[in-house]
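Reader: I have a structure to go through and would like the reasoning behind each label. Please set the values against the cut-offs.

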Amino acid sequence: MTKKWALIPVLGMLIIAAMAFKKSTVIAPNKASFADTLQYPEEKHFKNLQQLTFGGDNAEAYFSFDNKWIIFQKTNPKEGITCDQMFIGKVPAFGEKFEYKLVSTGKGRTTCGAFLKDGKHIIYASTHLGGSDCPPTPDRSKYGNKYIWPLYASYDIFMADYNGKIVKQLTKSPGYDAEATISPDGNKMVYTSTKDGDIELYVMDLKSGKEKRITNHLGYDGGAWFSPDGTKLIWRASSPKTDAEIKEYKDLLAEDLVAPTNMEVWIANADGSNAKQVTSFGQANWAPAYMPDNKHIIFASNHEYKRGFPFNLYIINEDGSGLTKISRDKGFDAFPMFSYDGKKFIFCSNRNNGGTRDTNIFLADWAE
């Protein structure tokens with residue numbers, strides 16, 4: 001969920017920010033080096049790891065409920081994709097080429113795709129109603145060259161079929177609406193919006209359109225997912241605390257901007273009750289998701305590195321104990337997600353990119 005940080009959405013912008021810290025040491029893939037750069041010896045949970053995409057920025061890859069499809073967002077100027085568009089493709093067998101097709105309009109910028117449970121439709125956020133061109137990126141020099149993420153007010157959430165035909169517009173607020181995911185029963189959508197003057201989470205009943213605001217504290221709340229059993233929510237939050245931080249946050253928000261360089265993982269019941277902070281590591285702890293057992297949490301973080309890079313994947317208990325590092329890339333590993341049957345695992349990484357800044361999608365069988 002943005003993505004991206006999506007690369008909050010996109011959840012694409014986080015990857016771009018992360019790339020700025022990186023001087024790649026990955027060697028170009030060839031028959032001799034491919035296995036070495038694809039997987040590191042310490043990554044014991046990744047079995048039959050394969051790279052699905054090659055080139056550009058590919059991020060926020062998620063499974064369909066039947067575990068047969070993958071949705072993701074992609075930018076690759078070499079292919080004429082100048083800002084994130086949404087694609088879907090069938091989950092390939094091991095060693096099989098990943099084939100995919102465009103399902104967004106090709107206009108504006110998209111982020112945070114997800115499948116509906118009916119096996120026929122997807123959702124994603126898009127700015128295409130605000131204009132055909134890619135919306136402008138912020139001039140970070142105006143803000144001390146800080147990592148700044150735009151909250152495009154033209155983002156709304158749309159439902160489309162697997163051929164890309166939009167069948168419904170789900171949000172119409174004048175502010176930012178994005179970062180949507182679907183409950184396991186297929187009936188509800190959780191998403192992020194600025195409609196009430198802050199960056200908050202909302203849960204919408206897809207049939208009636210009725211919704212409830214889930215978060216109520218100052219700061220960014222986004223990238224939420226339901227637990228596999230549907231009883232809980234998990235998300236990332238960036239909360240200003242000092243007077244100076246609060247002023248900066250509000251000033252940026254007034255310009256439809258946010259600077260979420262410090263984020264922690266939060267959980268709550270599905271109705272928003274009993275909200276509590278899981279991590280307190282500082283820096284960026286984000287892209288969290290519940291694991292198939294509904295108890296453990298997987299997330300991306302740079303907390304081990306004062307310079308803010310690299311990002312690795314970690315597992316932690318709900319109470320914040322038992323932190324375990326599961327990826328060992330020296331660049332960027334993020335957007336971890338399990339298939340709904342718990343058998344496969346997908347994430348996005350800079351590994352094996354031939355010394356470029358490309359971010360690609362990687363698929364593995366999960367080994368305990």
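Reader: Which residue follows α3, and what is the sign of its phi?

Author: This is a predicted model. Asp 256 follows α3, and its phi is positive, near 60°.

Reader: How do you know what span to expect for α3?

Author: The expected span is 1.5 Å times one less than the number of residues. Helix α3, residues 243–254, has 12 residues, for which 16 Å is expected. From first C-alpha to last, α3 reaches 17 Å, close to that value.

Reader: What makes the buried residues of α3 count as lining one face?

Author: The buried residues of α3 are Tyr 249, Leu 252 and Leu 253. Seen down the axis of α3, they fall within an arc of 100°, so they line one face of the helix. The face turned away from that buried side carries the exposed residues Asp 243, Ala 244, Lys 247 and Ala 254.

Reader: What covers the buried residues of α3?

Author: The cover includes β15 (220–226) and β17 (257–258).

Reader: Why is the chain called as compact as a globular protein of its length?

Author: The chain has three helices and 26 strands. Its radius of gyration is 19 Å, and the globule rule gives 21 Å for 368 residues; the two are close, so the chain is as compact as a globular protein of that length. The C-alpha trace spans about 55 × 45 × 40 Å along its principal axes. Of the 368 residues, 58% count as buried.

Reader: What is the accessible surface of the chain, and what share belongs to carbon and sulfur atoms?

Author: The surface comes to about 15,100 Å², and carbon and sulfur atoms hold 51% of that.

Reader: Which residues have the most contacts inside the largest nonpolar core?

Author: They are Ile 123, Met 189 and Trp 286, in a core of 88 residues. Strand β26 (residues 360–366) gives the largest share of this core, five residues. A second, separate core has 11 residues, including Val 190, Val 203, Phe 226 and Trp 266.

Reader: What does Met 189 touch, leaving out residues up to four places away in sequence?

Author: Among its contacts are Ile 123, Ile 157, Leu 170, Tyr 202, Val 203 and Leu 206.

Reader: Why is Ala 287 called buried, and what is notable about its phi?

Author: Buried means under 20% relative accessible area. Ala 287 has 9% relative accessibility, so the label applies. Its phi is positive, about 50°, although Ala 287 is not a glycine. Most residues other than glycine have a negative phi. Ala 287 sits in strand β20 (residues 285–290).

Reader: Is Asn 48 buried, partly exposed or exposed?

Author: Partly exposed lies between the 20% and 50% cut-offs. With a relative accessible area of 33%, Asn 48 is therefore partly exposed. Asn 48 is in strand β1 (residues 46–51) and, although not a glycine, has a positive phi of about 55°.

Reader: What makes Arg 357 exposed, and where does it lie?

Author: Exposed means over 50%. The relative accessible area of Arg 357 is 52%, so Arg 357 is exposed. Arg 357 lies in the loop between β25 (344–349) and β26. The C-alpha atoms of Arg 357 and Gly 55 are separated by 8.9 Å, while the residues are 302 apart along the chain.

Reader: Which residues are joined by a cis peptide bond, and what is omega there?

Author: Phe 309 and Pro 310 are joined by a cis bond, with omega about 10°. Most peptide bonds are trans. Pro 310 is in the loop between β21 (297–301) and β22 (312–316).

Methods. Residues numbered from 1 in each chain as written. Predicted model: local features only at pLDDT ≥ 70, side-chain atom pairs only at ≥ 80, totals over all residues. Heavy atoms only, no water. Core = buried A, V, L, I, M, F, W, Y, C linked by side-chain atoms within 4.5 Å. Buried < 20%, exposed > 50% of the residue type's maximum accessible area, 1.4 Å probe, protein only. Helix = DSSP H or I, 4+ residues; strand = E, 2+ residues; numbered from the N terminus. Contact = heavy atoms within 4.5 Å. Arc of directions from axis to C-beta. Rg over C-alpha atoms; globule rule 2.2 N^0.38 Å. Areas by Shrake-Rupley, 256 points an atom, 1.4 Å probe, with all protein chains shown as cover.
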